[in-house]
Amino acid sequence: MVQILDGKKLSEKIADRLKREISKFPKAPTLAIIQVGEKRESSSYIDRKKKFAEKIGAKVHHIILEEKITTEKLAEAVEVLNSDKNIHGIIVQLPLPKKIDRFKVIETISPLKDVDGLTSANAGLLYESAFGGNDPKNVSARMIPATAKGIISLLKESKIPLAGKKALVVGRSLLVGKPVALLLLKENATVTIAHSKTVDLPKLSKENDVVVVAVGKPKFFNKSFVKKGQVIVDVGTNSLTGPKLLEEVSKTKLVGDVDFDQVSKVVSAISPVPGGVGPMTVASLFENLVVAFKSQK
Ligand code: NAP
């Protein structure tokens with residue numbers, strides 16, 4: 001029988017732990033989310049974060065800025081939150097409108113409040129730790145991008161062995177692919193990163209024990225990519241019916257990058273969509289918020 005990597009269940013366990021921890025804090029850790037424009041997809045992700053915050057006793061301060069805002073004005077809004085002692089974590093909800101320099105805006109976030117782990121300071125710490133420079137005295141400033149952190153927690157909690165195993169990450173984005181690869185390396189897996197120019201991905205995929213798929217194409221990864229005994233993590237969150245129906249999609253029609261029906265018949269473990277990596281991302285984000293809160297005391 002295939003093992004289902006149940007992110008929903010584990011995220012509830014993390015929520016219970018965070019709730020107990022937060023109940024002992026003098027005040028509620030507060031996450032500021034800056035949203036530019038009111039894209040329905042972004043609003044749906046933000047709603048999930050708000051629900052999780054409510055469950056654990058954290059607060060979310062949701063700021064909506066107009067679509068036509070400039071990079072400079074957006075960076076100024078971030079600066080205001082950087083110096084606000086009542087804000088412990090800051091997220092700029094992505095994607096941003098094309099004309100905004102997202103790297104410039106992200107770099108403005110104080111690394112101590114960067115709960116998405118996207119500033120170069122936190123990316124540098126992740127890179128360093130993956131290569132052995134894991135200085136425990138320095139960890140207070142480290143925020144690991146939430147999706148990558150959630151994937152590793154899900155694998156470890158599900159008792160999937162990683163040390164000495166061959167792991168393939170399909171996708172090389174800054175948000176998912178690259179940080180997941182670094183974390184798998186930290187777990188002593190032998191890691192390969194594939195992308196759109198990779199030749200003969202089905203063959204490469206079958207050579208690996210663990211495959212993390214983050215390409216953003218619905219049901220792209222089908223039975224031709226897998227063999228018996230593999231562990232598959234599906235990061236994809238795609239709508240089969242298009243963004244205009246996202247409200248419904250968030251409940252029932254979310255589709256992964258992996259063809260679950262085909263692949264689950266072959267492999268030994270797989271994360272479902274929904275209920276796999278998605279809830280782990282939200283839980284890991286709030287784990288980062290608690291780290292940020294403690295480092296700012
Ligand atoms: P992205 O920035 O668009 O990156 C996609 C990656 O996939 C790129 O590296 C691209 O290669 C690669 N790719 C595209 N087509 C490919 C192919 N045919 N074969 C091999 N590689 C291919 O996307 P992302 O931000 O990493 O997100 C990936 C997916 O994860 C999306 O569905 C997104 O919605 C989802 N996601 C889910 C969560 C969650 O919490 N569950 C969080 C974040 C993202 P190139 O670099 O060569 O273009």
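**Exercise 1. Which helices each supply at least two residues of the lining of the second largest pocket?**

Solution. The model is a predicted one.

Step 1. Take the space itself: the second largest pocket holds about 320 Å³. Its lining consists of 17 residues, and those closest to the centre are K149, I152, S153, K156 and E287.

Step 2. Sort the lining by element. At least two residues each come from α1 (7-23), α5 (120-130), α6 (146-157) and α7. With five residues, α6 gives the most.

Step 3. Sort the lining by class. Nine residues are charged, six are nonpolar and two are polar.

**Exercise 2. Determine whether E287 is buried or exposed, and find its partners.**

Solution.

Step 1. Locate the residue: E287 sits in helix α11, which spans 277-295.

Step 2. Apply the cut-off. Buried means under 20% relative accessible area. E287 has 13% relative accessibility, so it counts as buried.

Step 3. List the contacts. Apart from neighbours within four places in sequence, E287 touches I14, R17, L18 and K149. With R17 there is a polar contact of 2.5 Å between the two side chains.

Step 4. Connect this to Exercise 1. Both K149 and E287 are among the lining residues closest to the centre of the second largest pocket.

**Exercise 3. Find where N188 and K219 lie, and state how accessible they are.**

Solution.

Step 1. Recall the usual case: most residues other than glycine have a negative phi. N188 has a positive phi near 70°, and K219, also not a glycine, has a positive phi of about 55°.

Step 2. Place N188 in the chain. This residue belongs to the loop between α7 (177-186) and β6 (190-194).

Step 3. Place K219. The loop that holds K219 runs between β7 (210-213) and β8 (231-234).

Step 4. Compare with the cut-off of over 50% for exposed residues. N188 has a relative accessible area of 53%, so it is exposed. K219 has 40% relative accessibility and therefore counts as partly exposed.

**Exercise 4. Which residues are joined to P95 and P274 by a cis peptide bond, and where do these prolines lie?**

Solution.

Step 1. Start from the general rule that most peptide bonds are trans.

Step 2. Take P95. The bond between L94 and P95 is cis, with omega at about 0°. P95 is in the loop between β4 (89-92) and α4 (102-108).

Step 3. Take P274. V273 is joined to P274 by a cis bond whose omega is near 0°. The loop containing P274 lies between β11 (269-270) and α11 (277-295).

Definitions and conventions: Residues are numbered from 1 along each chain as its sequence is written. This is a predicted model: local features need pLDDT of at least 70, side-chain atom pairs count only at pLDDT 80 or more; totals for chains, interfaces and linings use all residues. Side-chain values use heavy atoms; hydrogens and water are left out. Helices (H or I, at least four residues) and strands (E, at least two) are DSSP runs, numbered from the N terminus. Buried means under 20% relative accessible area, exposed over 50%, partly exposed in between (1.4 Å probe, protein chains only). A polar contact is a pair of N or O atoms within 3.5 Å; within protein, one must be able to donate a hydrogen and the other to accept it, and residues adjacent in sequence count only if both atoms are side-chain atoms. Contact means heavy atoms within 4.5 Å. On a 1 Å grid over the protein atoms alone, a cavity is a set of points where a 1.4 Å probe fits but cannot get out, and a pocket is an open set with protein on both sides within 12 Å along at least five of seven lines; lining residues have an atom within 4 Å of a point. Grid points are joined across faces, edges and corners, and a volume is the space filled by probe spheres set on the points. Ala, Val, Leu, Ile, Met, Phe, Trp, Tyr, Cys and Pro count as nonpolar, Asp, Glu, Lys and Arg as charged, and the others, Gly among them, as polar.
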